[in-house]
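Please open the model in your viewer and keep the sequence panel beside it, since each stop on this tour asks you to select something and look at what is there.

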Amino acid sequence: IRMGYNRKAAEGFSVNSYVVLSNENVDTYRGGNFNYLSDLTWRVGVDGVYTLSPDVSFTFGISVMWAEYSEGTYRMEDETNISYRPHVGMNYRFSEKLMGNINYEYTFYDADREDGDYTRHVISTGLTYTF
């Protein structure tokens with residue numbers, strides 16, 4: 001099930017939001033014959049774009065994912081894991097055909113199982129040439 005809402009909030013500023021409920025097959029296999037048969041997952045997020053000028057725009061947002069692992073084989077206990085992912089970025093148009101971007105993303109993953117928590121910082125950049 002997926003629902004989304006997009007809105008132009010003001011001149012040069014747009015926001016989109018979404019809610020997704022799914023039964024995924026992500027991280028359900030834990031080695032040997034140990035696995036979870038269900039991974040009910042909620043994904044909720046808000047993203048925005050602010051256009052400062054025809055050449056410069058900024059992106060930002062946050063998403064939260066809540067995964068409930070259940071029906072584990074060999075008496076595996078149910079677990080719930082939550083991840084938070086705020087992000088920001090900037091796009092710059094160098095010319096009509098060349099655009100660059102830089103983005104920063106932070107992830108915090110809170111796991112029920114021991115030593116499963118982690119944080120991650122990702123800085124990415126790119127160029128797009130249209131011809």
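Throughout this tour, two residues are said to be in contact when heavy atoms of theirs lie within 4.5 Å. The model you are looking at is predicted, and for that reason local features need a pLDDT of at least 70 and side-chain atom pairs count only at pLDDT 80 or more, while totals for chains, interfaces and linings use all residues. Residues are numbered from 1 along each chain as its sequence is written, and side-chain values use heavy atoms, with hydrogens and water left out.

**The whole chain**

Begin with a cartoon view of the protein, in which you can look for seven strands and zero helices; here helices (H or I, at least four residues) and strands (E, at least two) are DSSP runs, numbered from the N terminus. Read from the N terminus on, the elements therefore run β-β-β-β-β-β-β. If you turn the C-alpha trace along its principal axes, you will find that it spans about 60 × 25 × 25 Å. The radius of gyration of the protein is 19 Å, whereas a compact globule of 131 residues would have one near 14 Å; this radius is taken over C-alpha atoms, and the globule rule is 2.2 Å times the number of residues to the power 0.38.

Now switch on the surface, which comes to about 9,100 Å² of accessible area, with 58% of it belonging to carbon and sulfur atoms; such areas come from the Shrake-Rupley method with a 1.4 Å probe, and for residues only the protein chains shown count as cover. Buried residues make up 24% of the 131 residues, where buried means under 20% relative accessible area, exposed means over 50%, and partly exposed lies in between (1.4 Å probe, protein chains only).

**Strand S2: Val15**

Select Val15, which lies in strand S2 and has a relative accessible area of 23%. Because that value falls between the two cut-offs, Val15 counts as partly exposed. Leaving aside its neighbours within four places in sequence, you can show its contacts with Tyr5, Asn6, Arg7, Val46, Asp47 and Gly48. If you then draw a distance from Val15 to Thr59, which is 44 residues away along the chain, the C-alpha atoms are separated by 9.8 Å.

**The loop after S2: Asn35**

Move on to Asn35, in the loop between S2 and strand S3 (36-51). Not counting residues within four places in sequence, Asn35 is in contact with Thr28, Tyr29, Arg30, Glu71, Gly72, Thr73 and Met76. Tyr74 is 39 residues from Asn35 in sequence, and the two are 8.5 Å apart in space, C-alpha to C-alpha.

**Strands S3 and S4: Val49 and Ser57**

Which residues does Val49 touch, not counting residues up to four places away in sequence? Select Val49 in strand S3, and you can pick out Gly12, Phe13, Ser14, Ser57, Phe58, Thr59 and Phe60. Val49 is partly exposed, at 31% relative accessibility.

Next select Ser57, which lies in strand S4. Is Ser57 buried or exposed? With a relative accessible area of 12%, Ser57 is buried. Apart from neighbours within four places in sequence, its contacts are Val49, Tyr50, Thr51, Leu52, Gly89, Met90 and Asn91.

**Strand S6: Tyr109**

Go on to Tyr109 in strand S6 (residues 98-110), which is buried, with a relative accessible area of 11%. Tyr84 is 25 residues from Tyr109 along the chain, and their C-alpha atoms are separated by 6.6 Å.

**Aromatic rings**

For the last stop, show the rings of the aromatic side chains, among which the structure holds six aromatic pairs. Rings of Phe, Tyr and Trp (its six-membered ring) pair if their centres lie within 6.5 Å; planes under 30 degrees apart count as stacked, over 60 as edge-to-face and the rest as tilted. One of the pairs is formed by Phe13 and Phe60, which are stacked, at 6.0 Å centre to centre with 15° between the planes. This pair links distant parts of the chain, with Phe13 in strand S2 (residues 13-23) and Phe60 in strand S4 (residues 56-72), 47 residues apart. Phe13 is partly exposed at 24%, and Phe60 is partly exposed at 31%.

Finally, select Tyr92 and Phe94, an edge-to-face pair at 4.9 Å centre to centre and 70° between the planes. Tyr92 is partly exposed, at 34% relative accessibility, whereas Phe94 is exposed, at 51%.
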